[in-house]
Each structure stands twice: as structure tokens, then as C-alpha cells.
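Trainee: Got a minute? I'd like to go through this model with you before I head back to the bench.

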Amino acid sequence: ECVDDLQVRIEQRPGCHVDVLVDGDGAFQDPVGGIWELADPVVSPGFTSGLIGMPQEIKLKMIADNADGVSPQEAVCEAIRHKRVPNGKKNGGVFCASQSATLGTTPRRLADLVGSLCDLTSGSGDKGTPVIHISGYFDNYLDD
């Protein structure tokens, strides 16, 4: 697939590790009616394996709003510290969190989250930005 080939070509440079995603153009032609729709149902038609999966995020506002006996900042820091890493390893930015800490988060695939970010920053059609470089998206407070 072209995303894997592009990833290999970029990673030939020393110190480079990237995941590659081809962003949808924000429109698709309905296969039945032939009408052009403005919301593409597939965020990305292709992406590398590092973007497979779903993040397990905690809802910081919910934790801060329900801080019991501690400051909201302390409650958030404690919740972040207690996120569990599967098998003791970081897995592409994906961590396990307690079920109550994730309440209110909308489960979305990593590729869809990154694709949506690209769509917001790239512009539209032939007037858009052809390449978007996203850095630090998978950084995690757990690493601090």
C-alpha cells in the first residue's frame, strides 16, 4: 500500500519515525443516487499500522468536577498517574484507564482522530495544504 511505502521512504532518514495517513477529501459520491455528499463516511482510506486502535482517554473535566477532598488539579494528576499500561508497555500512545474515568468520552479510532485533525487544518479541494505534519499528538502526561 502507498502509505507503507511512504513510511519506509521517510524513515530512511536517521532519527525519523512516522505514521502515514491519507486523509479523505471531505466529500464522496453516493454510490446509489450519485449525489455528492459533503461528509465523507471514511475519514481515511489508508493509514499505517501505528494508527490502528483506539485511545483510552480519561475525562479530565469529570475527574476535576468530582474531586472529593482534594483540589481538582490533584485529582487529575492522581487519575493520570493511575492509568494502567497494558502488559507494562506503552502501545502506540494507547493506555488503559479505569472505566469510570473514561465516562463521557466518545470512542473513536486513532486514525479517525488524526484524520479529523488533518481535515480541520488542511483546507478543502485543490486550495488545501497537501501535507500535514502532526507532532506530539500521542504525547501523554503519563510520560512526564
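Mentor: Sure, let's go from the overall layout to a few single residues.

Trainee: Before anything else, how far is the confidence up or down across the chain?

Mentor: This is a predicted model, and the mean pLDDT of the protein chain is 75, with 68% of its residues at 70 or more. Helix α1 (residues 2-11) has the highest confidence, at 92, while strand β2 (residues 28-29) has the lowest, at a mean of 66.

Trainee: And what about residues 85-96?

Mentor: There the pLDDT is below 50. The model still gives that stretch 25 contacts beyond near neighbours in sequence. Where pLDDT is low, the predicted coordinates should not be read in detail.

Trainee: OK. How many helices and strands are there in the protein chain?

Mentor: Four helices and four strands. Going along the sequence, the order is α-β-β-β-β-α-α-α.

Trainee: What share of the residues counts as buried?

Mentor: 23% of the 144 residues. The accessible surface is about 10,200 Å², and carbon and sulfur atoms account for 54% of that.

Trainee: Which residues make up the largest nonpolar core?

Mentor: Six of them: Ile58, Ile63, Ala75, Val76, Ala79 and Ile80. Helix α3 (residues 72-81) is the main contributor to this core, giving four residues. There's also a second, separate core of five residues, among them Leu51, Ala111, Val114 and Cys118. In soluble globular proteins, nonpolar side chains tend to be buried together.

Trainee: Let's stay with Cys118. Where does cysteine 118 lie, and what does it touch?

Mentor: Cysteine 118 lies in helix α4. Setting aside residues up to four places away in sequence, cysteine 118 touches Leu21, Asp23, Ile132 and Ile134. The C-alpha atoms of cysteine 118 and isoleucine 132 are 6.4 Å apart, with their positions 14 residues apart in sequence.

Trainee: Why does cysteine 118 count as buried?

Mentor: Because its relative accessibility is 7%, and buried means under 20%. Cysteine 16 is partly exposed, at 32%.

Trainee: How many disulfides does the count come to?

Mentor: Zero.

Trainee: New topic, then. How many salt bridges does the structure hold?

Mentor: Two. One joins the side chains of aspartate 65 and lysine 61, at 2.5 Å from N to O. Both residues sit in helix α2 (residues 60-65), four residues apart, which is about one turn of the helix.

Trainee: Are aspartate 65 and lysine 61 buried or exposed?

Mentor: Aspartate 65 counts as exposed at 52% relative accessibility, and lysine 61 counts as exposed at 58%.

Trainee: And which residue does arginine 109 form a salt bridge with?

Mentor: Aspartate 112, with the closest N and O atoms 3.0 Å apart. Arginine 109 is partly exposed, at 39% relative accessibility, whereas aspartate 112 counts as buried, at 16%.

Trainee: Next one: where is serine 116?

Mentor: Serine 116 is in helix α4 (residues 110-122), and it is partly exposed, with a relative accessible area of 24%. Leaving out residues up to four places away in sequence, serine 116 touches Val43 and Arg108.

Trainee: How many residues apart are serine 116 and aspartate 23 in sequence, and what's the spacing in space?

Mentor: They are 93 residues apart in sequence, with 8.3 Å from C-alpha to C-alpha. Across the protein chain, for contacts between residues at least 6 apart in sequence, 54% join residues at least 24 apart.

Trainee: Last one, proline 45. Which loop is proline 45 in?

Mentor: The loop between β3 (36-37) and β4 (46-47). Proline 45 counts as exposed, at 60% relative accessibility.

Trainee: And what is proline 45 in contact with?

Mentor: Glu1, Val22, Asp23 and Gly24, once neighbours within four places in sequence are left aside. Aspartate 23 is 22 residues from proline 45 along the chain, and their C-alpha atoms are separated by 7.0 Å.

Trainee: So where has aspartate 23 come up among the contacts?

Mentor: In two lists: proline 45 is in contact with Asp23, and cysteine 118 touches Asp23.

Note on methods: Residues are numbered from 1 along each chain as its sequence is written. This is a predicted model: local features need pLDDT of at least 70, side-chain atom pairs count only at pLDDT 80 or more; totals for chains, interfaces and linings use all residues. Side-chain values use heavy atoms; hydrogens and water are left out. Helices (H or I, at least four residues) and strands (E, at least two) are DSSP runs, numbered from the N terminus. Buried means under 20% relative accessible area, exposed over 50%, partly exposed in between (1.4 Å probe, protein chains only). Contact means heavy atoms within 4.5 Å. A nonpolar core is a set of buried Ala, Val, Leu, Ile, Met, Phe, Trp, Tyr and Cys residues joined through side-chain atoms within 4.5 Å. pLDDT is the predictor's confidence in each residue, from 0 to 100. A disulfide is a pair of cysteine sulfur atoms within 2.5 Å. Accessible areas come from the Shrake-Rupley method with a 1.4 Å probe; for residues, only the protein chains shown count as cover. A salt bridge is a side-chain nitrogen of Lys or Arg within 4 Å of a carboxyl oxygen of Asp or Glu.
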